[in-house]
Amino acid sequence: MDFRATPFDHPDAVKLNDEVQLEYAERYQDAGDVTPLDPAMFLPPRGLYLVAYDDQGRPVATGGWRAQDANPEGYSDGDAELKRMYVVPEARGLGLARRILAALEDDAHAARRTRMVLETGVMQPEAIGLYTSAGYLPCTKFGHYREYVNSRCFAKPLSRP
């Protein structure tokens, strides 16, 4: 696998984002994730977006983080928010999401972010399983979906020994 820092508006990132949006729409029977995102949010040092490519050069997984600080949506100073974690169905079970998650955590920590936060939903039990197994704990709800009953928010300190 080849993991590359890629702009959020790169054609491969857009393709996979479109796929994850279709999956969200199917799982939740709605329009998908309508959280406003701008490609500039993922530019270093205040963010990073990764695309994983298989041995044939096909984009198969994505994930990114963006810096957040205290604001009316419930974020805290020093937060790094995980966004658009996705693995295409045929590449699931290979540990790609876990590898992307670790790389994003390391990058956010290097950028002096103190906590990684994420929002997911009850119709994504495999995502909840990944995050809880990686040390994420439920936290006070934040972000665009903070008032939705099916939303679940998690956080993990980014301090390293």
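This note goes through one helix, two buried strand residues, a pocket, a cavity and a loop glycine in a predicted model.

1. Basis. The model is predicted: local features need pLDDT of at least 70, side-chain atom pairs count only at pLDDT 80 or more, and totals for chains, interfaces and linings use all residues. Residues are numbered from 1 along each chain as its sequence is written, and side-chain values use heavy atoms, with hydrogens and water left out.

2. Helix α1. This helix covers residues 11-28, 18 residues in total. (Helices are DSSP runs of H or I with at least four residues, strands are runs of E with at least two, and both are numbered from the N terminus.) From first C-alpha to last, α1 reaches 26 Å, close to the 26 Å expected at 1.5 Å a residue. The expected span is 1.5 Å times one less than the number of residues. Just after α1, Q29 takes a positive phi of about 55°.

3. The two sides of α1. Buried here are A13, L16, N17, V20, Q21, E23 and Y24. They cover an arc of only 160° around the axis, which puts them on the same side of α1. The arc is taken from the directions from the helix axis to the C-beta atoms. On the other side, P11, L22 and E26 are exposed. (Buried means under 20% relative accessible area, exposed over 50%, partly exposed in between, with a 1.4 Å probe and protein chains only.) The buried residues pack against β2 (47-53), β3 (59-68) and β4 (79-87). Contact means heavy atoms within 4.5 Å.

4. Largest pocket. The space in this pocket is about 860 Å³. Its lining has 36 residues, and Y24, M85, T120, Q124 and A127 lie nearest the centre. Elements giving two or more residues to the lining are α1, β4, α2 (96-110), β5 and α3 (125-133). The largest share, six residues, comes from β4. (On a 1 Å grid over the protein atoms alone, a pocket is an open set of points with protein on both sides within 12 Å along at least five of seven lines; a cavity is a set where a 1.4 Å probe fits but cannot get out; lining residues have an atom within 4 Å of a point.) Points are joined across faces, edges and corners, and a volume is the space filled by probe spheres set on them.

5. T120. This residue sits in strand β5 (residues 115-121). T120 counts as buried because its relative accessibility is 5%. Its side chain makes a polar contact with the side chain of Q124 at 3.4 Å. (A polar contact is a pair of N or O atoms within 3.5 Å; within protein, one must be able to donate a hydrogen and the other to accept it, and residues adjacent in sequence count only if both atoms are side-chain atoms.) Not counting residues up to four places away in sequence, T120 touches A127, I128, N150, S151, R152 and F154.

6. E81 and the cavity. E81 is in strand β4. At 3% relative accessibility, E81 is buried. The E81 side chain makes a polar contact with that of Q68 at 3.2 Å. E81 also lines the largest cavity, along with D33, T35, Y75, K83, E119, G143, H144 and Y145. That cavity has a volume of about 50 Å³. The whole structure holds one cavity of 30 Å³ or more.

7. G74. This glycine lies in the loop between β3 and β4. G74 is partly exposed, at 37% relative accessible area. G74 and T140 are 66 residues apart in sequence, yet 8.0 Å apart in space, C-alpha to C-alpha.
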